[in-house]
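This report looks at how two copies of a chain are arranged and at residues in the interior. The sequence and the structure are shown here.

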Protein chains: 2
Amino acid sequence: MKIAVDAAGGDHYPGNPVEGAILAVNEDSNLSVILLGPKKAVEEALSGHDYPKDRIYVHDSPEVIGMEESPSQAVKSKPRSSIVEGLGMHQKGMADGFVSAGNTGALMAASAFILGRLDGVLRPTIATFFPTVKGAGLMIDAGANLDAKPEMLFQFGAMGNIYARDIMGIEVPRVGLLNVGEEKEKGSETLKKAYHLLEALPGFIGNIEGRDILSGQADVFVCDGITGNILLKFGESIPDALKTLLMGVIKKKQLNAEQAGMVASLLEEAFAPFDYQRVGGVPFLGVNGISMVGHGGSSPVAVKNMILNAVKMAETDINKKIIASVA
Amino acid sequence: MKIAVDAAGGDHYPGNPVEGAILAVNEDSNLSVILLGPKKAVEEALSGHDYPKDRIYVHDSPEVIGMEESPSQAVKSKPRSSIVEGLGMHQKGMADGFVSAGNTGALMAASAFILGRLDGVLRPTIATFFPTVKGAGLMIDAGANLDAKPEMLFQFGAMGNIYARDIMGIEVPRVGLLNVGEEKEKGSETLKKAYHLLEALPGFIGNIEGRDILSGQADVFVCDGITGNILLKFGESIPDALKTLLMGVIKKKQLNAEQAGMVASLLEEAFAPFDYQRVGGVPFLGVNGISMVGHGGSSPVAVKNMILNAVKMAETDINKKIIASVA
């Protein structure tokens, strides 16, 4: 198994991607990694680390796509970037998957363009983990498809179902359709039609509401990209907002330093599931290949998890199952 | 000023509406209240309380609309319910406004049907308070209009702007359009067109993202009813979810009872802004009258606040300003 890793993407490159790759090959002895990025910088980041030299290669991709660059522009104008070359290698069969913590828009555009769509898939989608009190759920779509038609929502559910089962290890994932009420007849025309289509899916539990997300009433939350994107960013903002509110109370109640420190450390741990920098990347589903994207701030451990998830996707032949499920 | 109050709606009727009415007339010496509900039950709830007898009337509305009843069905089949009779009194000029903690759907249907729309308003809307670290914002629409066209989103912004200014007391409310990115060209076709229309609004600050809600980057959050409803219920679920996560950590760290108690009381206070039972109701905007709806679990203080907000809406002649703003 050989995974191409973007060593020129994210907020902490090449350091974090390089360290994540080393962690991954040390954990999986059958794994090789190709690190793509400006050669000199990547090799410098590697030097001094102890790693199996025969399982980590460096490929020189001198062009760097910035985190804020316009996606389609960047992909077109930088053919020698790590994103374009890494996905190209994967498309040609020189790697079994591609992972990056870089510019999500550019990754999405390049993945769809270079890898193409899977047979029968209307639109590739991006899924995201969402913390719940029971662990993590999968929200799909998380921002790729803003105007989702009923058939697309069905396919998001079908693809999310397979990912939750095969990669997240949930035996029979509960798939819920995000809506304004539980009853079948609730919601817009689009949501009503999507409900009808989703009924064919094993594990479909019907409509779920906003209150059912954090409480983990489903494993897969199906929604359009506007709802998913707004909820994703809202979720990311919870820890800071709650810390601000709690700090206000701590000040008002004049807690001593020891008490305040204890509360802060409790909070830190309770909010750990909301730390998107530790999550091991999320997949583009529906593309003809394996392409994972991580948070820009991904830690080395997050990059490692992303690489190992890409391996799992390749090993379980997830795309064959997706083609069958949307047929 | 005379407000009609539903004494047969909510989870704690007639007790809480009756107590809320008494608190309101005691606070505002120019205020009279008409309590609508099954006469005997309402009078029993009043007895024993000390209140100005010449400013609280009981009107017998023997039919009760349950919290789970199908809205349009209930409104049609129960002409002698407190909701239908209270709104009818207001429409006839026998009361200056109507407030209820009852069945939201029934209230919405009856308000639109009995009061009608204001001139120029495309669709009446329901707004909701949303807690932020800076106080409360106004989310509009909160579930009344699932498929919102650009012109409707503009009107939600215009109406929310006036409510935030005149009732919430924010001098120049910052109006933001909920979207997937900040840039003007982001989002669906509907959102792009809405952005263009909203630019005419004083205080429009452009697109805001999911992360800008809790942090209070705007005072008025404009969105369609699906997004608003999902976010509203998501927000309501935050305290319980966070308590569950924190209690898990407290158990793991084996805190003693005193420490755990202190953390619990801090949390309680920090989460107070999320307590929707204490919020003083939210308005239907765009109807030709004043109609406020409260959370089913509204406390007496919440009912009081709802009544006083209705008074404020009548006094500031909010509907005239709305007609001017959407023209």
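The symmetry of the copies comes before a residue of chain B and the nonpolar core.

The model is predicted, so local features need pLDDT of at least 70 and side-chain atom pairs count only at pLDDT 80 or more, whereas totals for chains, interfaces and linings use all residues. Residues are numbered from 1 along each chain as its sequence is written, while chains are lettered from A and ligands numbered from 1 in the order in which they are written.

A turn of 180 degrees with a shift of 0.0 Å along the axis lays chain B on chain A with an RMSD of 0.0 Å, the superposition being by least squares on the C-alpha atoms of residues with pLDDT of at least 70 in both. The two copies are thus related as by a two-fold rotation axis. In chain B, the C-alpha nearest the axis belongs to T227(B), 3.0 Å from it. Because 100% of the interface residues of chain B are also interface residues in chain A, the copies meet through the same surface.

I238(B) belongs to helix α8 of chain B, residues 225-252, where a helix is a DSSP run of H or I with at least four residues, numbered from the N terminus. The table collects values for this residue.

| Item | Value |
|---|---|
| I238(B), other C-beta atoms within 10 Å | 20, buried |
| I238(B) to F274(B), C-alpha to C-alpha | 8.0 Å |
| I238(B) and F274(B), separation in sequence | 36 residues |

A residue is buried if 20 or more other C-beta atoms, placed from the backbone, lie within 10 Å of its own. Beyond neighbours within four places in sequence, I238(B) is in contact (C-beta atoms, placed from the backbone, within 7 Å) with L214(A), I238(A) and F274(B).

Terms used:
Two residues are in contact if their C-beta atoms, placed from the backbone, lie within 7 Å. Helices (H or I, at least four residues) and strands (E, at least two) are DSSP runs, numbered from the N terminus. A residue is buried if 20 or more other C-beta atoms lie within 10 Å of its own, exposed if 12 or fewer, and partly exposed in between; C-beta atoms are placed from the backbone.
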